[in-house]
Each structure stands twice: as C-alpha cells, then as structure tokens.
Amino acid sequence: MSRSALRICPLCEATCGLTLTVDGTRVTGARGDRDDVFSKGFICPKGAAFGAVDGDPDRLRTPLVRSGGELREATWEEAFDTVAAGIRPVVERYGPHAVGVVLGNPNVHTMAGALYPPVLLAGLGTRSLFTASTVDQMPKHVSSGLLYGDANAIPVPDLDRTGHLLLIGANPLESNGSLCTAPDFPGRLKALRARGGTLTVVDPRRTRTAKLADRHIAIRPGTDALLLAALAHVLFEEDLVALGDLAPHVRGLDDLRAATEEFTPEGVAAACDVEPALIRTLARELAAADPAAVYGRIGSCTVPHGTLASWLVDILNILTGNLDRPGGVLFPQAATDRTPRPAGPGHGFRLGRWHSRVGRHPEAKGELPISALAEEIDTATEEGEPVRAVIAVAANPVLSAPDGDRLDKALASLDFMVSVDPYLNETSRHADVVLPPPPPSQSPHHDFAFNTLAVRNQVRYTRPAVPLEPGRMAETEIMARLILAVTGLHGSEPSAVDDLVIGQTLGKAVREEHSPVHGRDPRELAEQLTGESGPEKRLDMMLRLGPYGDGFGARPDGLSLTVLLAHPHGIDLGPLESRLPQPLKTPSGAVELLPQPIAEDLPRLRRAMAERPDGLVLVGRRHLRSNNSWMHNVPALTGGTNRCTLHLNPTDAARLDVRDGADVRVKGAGGEVVARAEVTEDVRPGVVSLPHGWGHDRPGTRLGHASTTPGVNVNQLLDGSLLDPLSGNAVLNGIPVELTALGRAG
C-alpha cells in the first residue's frame with residue numbers, strides 16, 4: 001500500500017518541496033509539491049531521482065571499524081568506543097590543534113550538519129578547521145565581512161522584481177543557484193526577460209544560462225575582478241554614481257574613487273579580452289536600469305582575485321543604489337536568525353587571527369585553506385604539531401581539494417581518522433571508523449543556512465518521511481555521540497549535547513536587552529520547548545527567539561515549532577525587505593567601501609592588467625544532475641551531458657590535432673590526467689573545461705556504479721599553491737594547462 005509524504009529536497013541549494021511516494025519503507029517516486037510556499041511544484045532531475053539517491057544499495061548500513069588493517073562491520077557501541085580511544089590520546093598528548101576537522105558541502109544540506117559541527121569545534125578547541133568553503137565561496141564571506149562587518153551578511157539578487165541582472169561566473173540553469181536560494185531559477189530568469197528585463201551573462205563558456213541571456217560576454221578566465229573594477233571606474237568617470245538611500249550608510253566613497261582610477265576600460269580590455277566600448281555600455285546600462293542587480297558566483301570566486309571580485313560585485317550594487325533596494329540585492333531574514341539587534345557599531349570582521357603551521361596561511365572565518373590540509377599532516381615544522389588525527393564529516397577532499405594524490409598519502413599516515421559518511425569513498429576509505437548516517441527519507445529537514453540566502457522569506461520543516469530503519473542511528477544522534485566521544489564525555493546521554501546548547505542559548509538570550517525574553521528565567525523557558533527530540537527542541541527555540549517568533553509568549557501570533565508543524569507546506573513570510581542599517585556590524589556602523597585588506601590587495605590586481613596566459617587555461621563545469629562528488633553513484637544522475645569530458649574549442653582542437661572523442665593528456669602543476677575530448681563551440685578559444693568531483697578509480701571504495709565510469713580528478717592538475725591570499729580559497733579556474741593529443745579512442 002503506497003502513501004504520500006512531504007520532504008524538502010536536500011540535493012542542492014534550491015531547497016524544493018517534494019511529494020514522495022512511499023511503498024512500505026521504500027521511496028518509489030518523487031514529484032514537486034505544488035502547495036509548497038516557496039518552490040510551488042518545481043522539481044529538477046536530482047529531486048526526481050530522490051528515491052534512487054535514498055535507496056542506493058552502496059549506502060553503508062552499519063558502522064565500519066578498522067581491524068588488522070581492514071574495515072569490518074561493527075556495532076554502534078564499538079564504533080564510538082573506538083572513536084574515543086583514538087581521538088582522546090591525540091588531544092591529550094599533542095593538544096587540540098593536532099586534530100583536524102574537515103567539513104564537506106553536504107553538511108549545509110542537513111539539520112545535523114548545521115546544528116552540531118559548531119558544538120564539536122567548541123568542544124575540541126581546535127584551530128585546524130578545513131571546509132569546502134575554501135574551494136567554493138570563502139571570498140564572498142570575506143568580502144561581506146570586510147564590507148558589512150558580518151561574514152554571513154550576503155545580499156542576494158531580488159530576482160522576482162529586478163529589471164536588469166548582470167550575472168558573472170554563475171550558471172544557475174545548471175546549479176539551480178548558489179548563495180542565492182531560488183527554486184526554479186530558470187523560470188525566474190525567463191520571467192525577468194518576459195517582463196522586459198535584461199539578462200547579461202559573463203562567462204568564458206556559452207553555458208545554458210548564457211544561451212538564455214540577452215548578451216553573453218566570453219571573458220578570459222580569471223579576469224572577472226578587472227572587468228568589475230573597470231565598470232566601477234566608468235560609473236565614477238561618467239558621473240553615474242547614484243547612492244540614493246544608501247548615502248547615509250556608506251563610508252569611503254572618495255577613497256574608492258581614487259582606488260579604481262587606474263582601472264580604465266582601455267587598461268583592462270586586453271587582459272579581459274572585452275572591448276572598451278562594451279565595458280562602457282555595460283556600466284551605462286547598469287546605471288540606467290531601474291532597478292538592477294549584479295550577481296557573481298563560483299566562477300568569480302575560484303580565481304586569483306576571488307575576494308576582490310566578490311567585493312566589486314557588491315561595490316557595483318552600492319554605487320548604483322541597488323544594495324538593500326527592492327529589485328536590487330537585499331539581505332534575507334531567516335526565521336531562525338538571532339533576534340535582530342538594534343542598529344549600531346559592532347565588533348567588525350578580522351582576518352588572520354591565526355595562521356596555518358606550514359604555509360603560514362591566514363585563517364578566514366575561523367578556517368584554514370583546505371588546500372593546506374595535506375601539508376599540515378605530512379610536514380613537520382618547529383611551530384606546533386602536525387595534524388595527527390582527522391574528523392571528516394560529509395567530506396571527500398581527496399577529490400574536491402587540490403593535489404588529491406598528496407592528500408591521499410597524507411590521510412593514510414594519520415594516527416587516527418573518523419568519517420561520518422554514508423559511503424566508503426575516496427576519503428572515508430582511510431578512516432579507522434566510518435559512521436554512516438541514514439538516507440535522507442529517514443531524516444528531518446530544515447534549511448538553516450539556505451534560508452539566510454533565499455530570494456523570499458519563508459520557513460518550512462519536514463519530519464522524516466520514513467521511520468528510522470532498525471539498526472540505523474539518526475544523524476543528529478551520531479553527531480551528538482561523536483561530540484561526547486572526542487571531548488572526554490564518552491558514555492553520556494546524547495541529549496546532554498542539546499541540553500547544553502539550549503541552556504547556553506537561553507542563558508545568553510535572557511541577558512540581551514533587545515531579546516523578547518530579556519530578564520526571564522532560562523529554565524522556565526526551556527520547559528516550554530516542544531518537539532519529539534533534542535534537535536526539534538533546538539529548532540523550536542530558534543524559531544521562538546527569531547525575528548518572526550512568538551518570543552515565548554511575548555508575541556502570541558509569532559512562530560514556534562507547533563505553528564510550523566500545522567503548516568506542512570511551509571509559511572510564506574513575504575518578499576525581501578530593506579533592512580539597513582540593522583545588519584551592519586562594522587566598527588563604524590556603516591558599509592566600509594574600501595577596507596584596508598582590500599586596498600592592500602589592489603596593487604596585485606593592477607599588475608594583472610599586464611598579464612596574459614601563454615597557452616591554454618582550464619575552467620570547471622557544472623551539471624544539472626550532479627552536485628560535486630556525492631551523486632555519481634546514482635545511475636539516473638550520470639550519463640547524457642553529465643560526463644567527465646574535456647571541452648575545447650574547434651580552433652584549439654585543430655591546432656593541437658585533437659579529434660572529438662579521442663583521448664587527451666592534460667598536464668598542470670600538480671599532475672596530469674587523461675580525458676576524452678569533446679570539441680564544442682560552447683567554450684571560447686584558449687580555454688578548456690573539465691567538471692569537478694570525478695576520479696572514482698581508487699581502490700578500496702564501495703561505489704559500484706561510480707567506479708564503472710570513474711572520470712578523472714580535475715583537481716589533480718593543481719598543486720595547491722595557487723590561493724586567493726585574502727580568503728585562502730583555492731584557484732580552480734584560469735589554471736594554465738598543457739594538452740597532448742593521444743589519438744586513440746576514449
């Protein structure tokens with residue numbers, strides 16, 4: 001007997017509502033939830049394949065523990081005993097920084113990944129934190145921190161009301177949006193054009209998004225910041241700067257004018273391969289549009305000037321008066337955000353509070369570059385101990401970080417490693433303990449991170465669609481028990497972790513004058529929390545303390561878990577609204593247009609005006625049916641266009657005697673790979689493209705389908721030395737490579 005169940009899709013940032021068909025305990029179908037307040041029935045191929053992802057037979061069902069050099073199935077009790085016995089001696093002998101914590105992209109797609117890693121890090125006290133952010137969006141966090149005083153204050157384009165969208169280094173028709181949570185991003189772009197708006201796409205590839213645009217500019221990879229700086233220059237030069245309502249909230253306009261003076265369209269044109277007249281046209285159109293938004297993503301982050309490019313995206317929105325403006329870019333207000341504090345100066349954002357031990361890379365947002373993980377393990381120095389143990393949560397850095405071969409060897413040398421992962425993959429195969437979370441149908445879901453980036457304020461929560469299978473352990477309980485095991489509290493009840501967080505959070509809230517519970521008894525508040533589990537009680541607490549919450553009775557018509565559960569398709573909280581100056585946390589209480597770290601990095605960008613690549617450069621590629629390395633084991637999501645081929649332009653193919661479908665050797669600073677050539681006009685001359693997340697050919701994994709079509713690891717072409725200096729983000733795009741035609745069939 002089949003039944004229906006609701007579930008928010010966790011497979012990309014769009015967070016679409018799904019209606020699942022469940023037969024017994026098996027998900028047999030998925031369609032879009034037409035009543036979902038946010039996605040309104042939209043679904044992409046990943047969501048449609050939810051059942052196949054959920055029921056993948058290669059998902060681990062029980063913990064694995066290493067014994068005699070081999071991983072074998074074990075009980076949960078034995079697994080956590082082994083974790084405690086492996087991690088605690090490292091901490092006690094070498095100190096907490098000898099334990100590295102590695103957090104992968106899927107953490108932001110689960111409740112457990114949002115709620116528990118901060119507690120894990122606080123309990124361990126380690127500074128050795130490495131996450132997927134430094135192969136992705138860290139430049140945006142750093143630029144937001146420097147501009148607004150808060151690394152998580154990221155304005156998003158108001159897609160449904162804008163009249164002009166300049167999109168740089170983003171391909172939302174394939175990604176479904178990133179740092180911009182928007183179900184049916186393609187439909188929203190089509191609606192923009194249908195209402196007479198303009199879409200301009202800047203990308204070295206003629207992506208599906210570029211094909212939809214009014215104008216596609218095939219920029220030379222890695223020169224995004226130069227183009228953006230030239231646009232800012234034109235706005236100043238032609239007296240097109242119009243701050244509007246922003247004027248009282250910004251500092252440093254004259255300094256910014258002087259800083260962009262050298263970046264003329266004529267000065268950057270050769271480096272960008274964009275005509276000066278076109279650059280001036282872009283600036284004039286942006287200034288004339290009413291309203292407009294500039295949006296940049298991973299292609300403009302994973303380049304040598306990623307932080308400067310991210311900063312300049314916001315600068316253009318500010319100079320045209322489109323920051324914090326309906327139809328421009330706005331700061332979302334999630335239901336689980338902290339109660340907004342009164343506007344005023346804050347502590348601001350600091351970079352480089354500590355450095356990595358070997359390469360002396362500065363921390364950003366509490367993280368060290370994941371590119372430095374291998375050297376932090378395998379290199380001895382006089383300063384501190386190497387990383388001797390690793391806790392990896394939903395992370396596969398052997399494929400996602402530069403120079404996977406070196407990291408592969410480094411992980412094998414550790415004293416101890418634990419992975420929280422549903423698969424035995426290229427990274428978790430090195431673990432001494434693997435703790436597998438249940439499939440998504442058996443987990444609750446609320447999007448803590450993505451609602452802070454959503455193009456409309458809303459709140460949704462779904463309980464598990466399928467009961468937890470016997471022998472499984474909830475991911476939230478796995479994480480709670482992991483925290484207890486590595487912090488010396490092994491054996492305590494996992495509820496102690498949630499109780500601790502609840503006590504600390506309420507204790508702080510009652511001391512804050514702007515809080516709705518100021519002056520109340522935190523124990524009395526804790527007794528009012530509802531929910532079937534500790535995580536649900538924490539969600540209830542966050543909703544009630546949040547900007548739309550009931551304030552534990554202070555606002556009777558406000559949100560709580562009880563209210564949310566009564567709305568299974570979610571609650572619409574309205575369009576984004578202007579919020580300045582409240583989100584600003586800079587010491588001045590204003591937007592700091594030219595922060596010192598940015599000013600100090602601009603000479604490097606000026607030098608880039610004279611740089612030209614000698615040969616071919618490499619860029620990445622996104623597929624609609626993929627999300628990094630974690631869906632390649634699902635047959636329904638591979639094949640077709642989702643293939644690991646090397647795209648190159650016919651001009652380059654002819655010059656190098658490369659035939660379509662033949663093998664090509666690609667060599668970079670970190671190594672070489674052999675990939676099948678796909679000759680296409682969709683990539684500009686001088687540029688080749690390989691997708692990220694492939695290379696499933698290492699022994700010791702249990703990825704039956706992925707290993708049949710392994711592809712190649714594009715990050716093996718990198719040696720890890722190329723980083724954006726402000727953010728520590730790996731440079732993944734615009735990398736020099738050499739091609740050799742091998743001539744044989746792929």
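The side chains of arginine 7 and histidine 445 are joined by a polar contact of 3.4 Å. That's a handy way into this structure, which is a predicted model.

**Around arginine 7**

Arginine 7 sits in strand β1, which covers residues 2-8. It is a charged residue tucked away: arginine 7 is buried, yet it has no salt bridge. The nearest side chain of opposite charge belongs to aspartate 54, and that one is 6.9 Å away. Since a salt bridge calls for a distance within 4 Å, the 6.9 Å to aspartate 54 doesn't qualify. Setting aside residues up to four places away in sequence, arginine 7 touches a mixed crowd that includes Cys16, Gly17, Leu18, Leu20 and Phe50. Pro440, Ser443, Pro444 and Thr462 are also on that list, along with His445, the polar contact partner we began with.

**The nonpolar cores**

Which residues of the largest nonpolar core touch the most other members? They are Tyr148, Leu165, Leu199, Leu226, Trp311 and Ile318, out of 90 residues in that core. Helix α10, residues 224-237, gives the most to this core, with eleven residues. There's also a second, separate core of 53 residues, and Leu407, Val666, Leu690 and Trp694 are among its members.

Take tryptophan 311 from the largest core for a closer look. Not counting residues up to four places away in sequence, tryptophan 311 touches Ser143 and Leu147, and also Leu256. Its other contacts are Leu593, Leu594, Pro595, Ile598 and Leu602.

**Helix α6, a covered helix**

Two of those contacts of tryptophan 311, Ser143 and Leu147, bring us to helix α6, which spans residues 138-148. How many of the eleven residues of α6 are buried? The count is eleven of eleven. The buried set runs from Met138 through to Tyr148 and takes in Lys140 and His141 as well as Val142, Leu146 and Leu147. What covers the buried residues of α6 includes the helices α14 (298-301), α15 (306-319) and α24 (596-608), plus strand β20 (591-592). Right after α6 comes glycine 149, with a positive phi near 85°.

One of the covering helices, α14, is home to serine 300. Serine 300 counts as buried because its relative accessibility is 1%, under the 20% limit. Outside its sequence neighbours up to four places away, serine 300 touches Ile168, Gly169, Asp224, Gly306 and Ala309.

**Cysteines without partners**

How many disulfides does the count come to? It comes to zero. Cysteine 272, for instance, is in no disulfide: the nearest cysteine sulfur is that of cysteine 301, 17 Å away. Cysteine 272 is buried, with a relative accessible area of 0%. Cysteine 644 is buried too, at 13%.

**Backbone oddities**

Most residues other than glycine have a negative phi, and most peptide bonds are trans. Here are four spots that go the other way:

| Spot | Feature | Value | Place |
|---|---|---|---|
| Aspartate 290 to proline 291 | cis peptide bond | omega about 0° | proline 291: loop between α13 (276-288) and β13 (293-296) |
| Leucine 580 to proline 581 | cis peptide bond | omega near 5° | proline 581: loop between β19 (571-575) and β20 |
| Arginine 360 | positive phi | near 55° | loop between β14 (329-330) and α16 (373-378) |
| Aspartate 403 | positive phi | about 50° | loop between α17 (397-400) and α18 (404-412) |

Are arginine 360 and aspartate 403 buried or partly exposed? Arginine 360 has 41% relative accessibility and so counts as partly exposed. Aspartate 403 has a relative accessible area of 15%, so it is buried.

**A loop glycine to finish**

Glycine 704 lies in the loop between β25 (687-689) and β26 (735-745). With a relative accessibility of 38%, glycine 704 counts as partly exposed. Which residues is glycine 704 in contact with, leaving aside its neighbours within four places in sequence? They are Asp58 and Asn633. As for histidine 632, its C-alpha atom is separated by 10.0 Å from that of glycine 704, with the two residues 72 places apart along the chain.

Methods
Residues are numbered from 1 along each chain as its sequence is written. This is a predicted model: local features need pLDDT of at least 70, side-chain atom pairs count only at pLDDT 80 or more; totals for chains, interfaces and linings use all residues. Side-chain values use heavy atoms; hydrogens and water are left out. Helices (H or I, at least four residues) and strands (E, at least two) are DSSP runs, numbered from the N terminus. Buried means under 20% relative accessible area, exposed over 50%, partly exposed in between (1.4 Å probe, protein chains only). Lys and Arg count as positive and Asp and Glu as negative; His and the chain ends are not counted. A polar contact is a pair of N or O atoms within 3.5 Å; within protein, one must be able to donate a hydrogen and the other to accept it, and residues adjacent in sequence count only if both atoms are side-chain atoms. Contact means heavy atoms within 4.5 Å. A disulfide is a pair of cysteine sulfur atoms within 2.5 Å. A nonpolar core is a set of buried Ala, Val, Leu, Ile, Met, Phe, Trp, Tyr and Cys residues joined through side-chain atoms within 4.5 Å.
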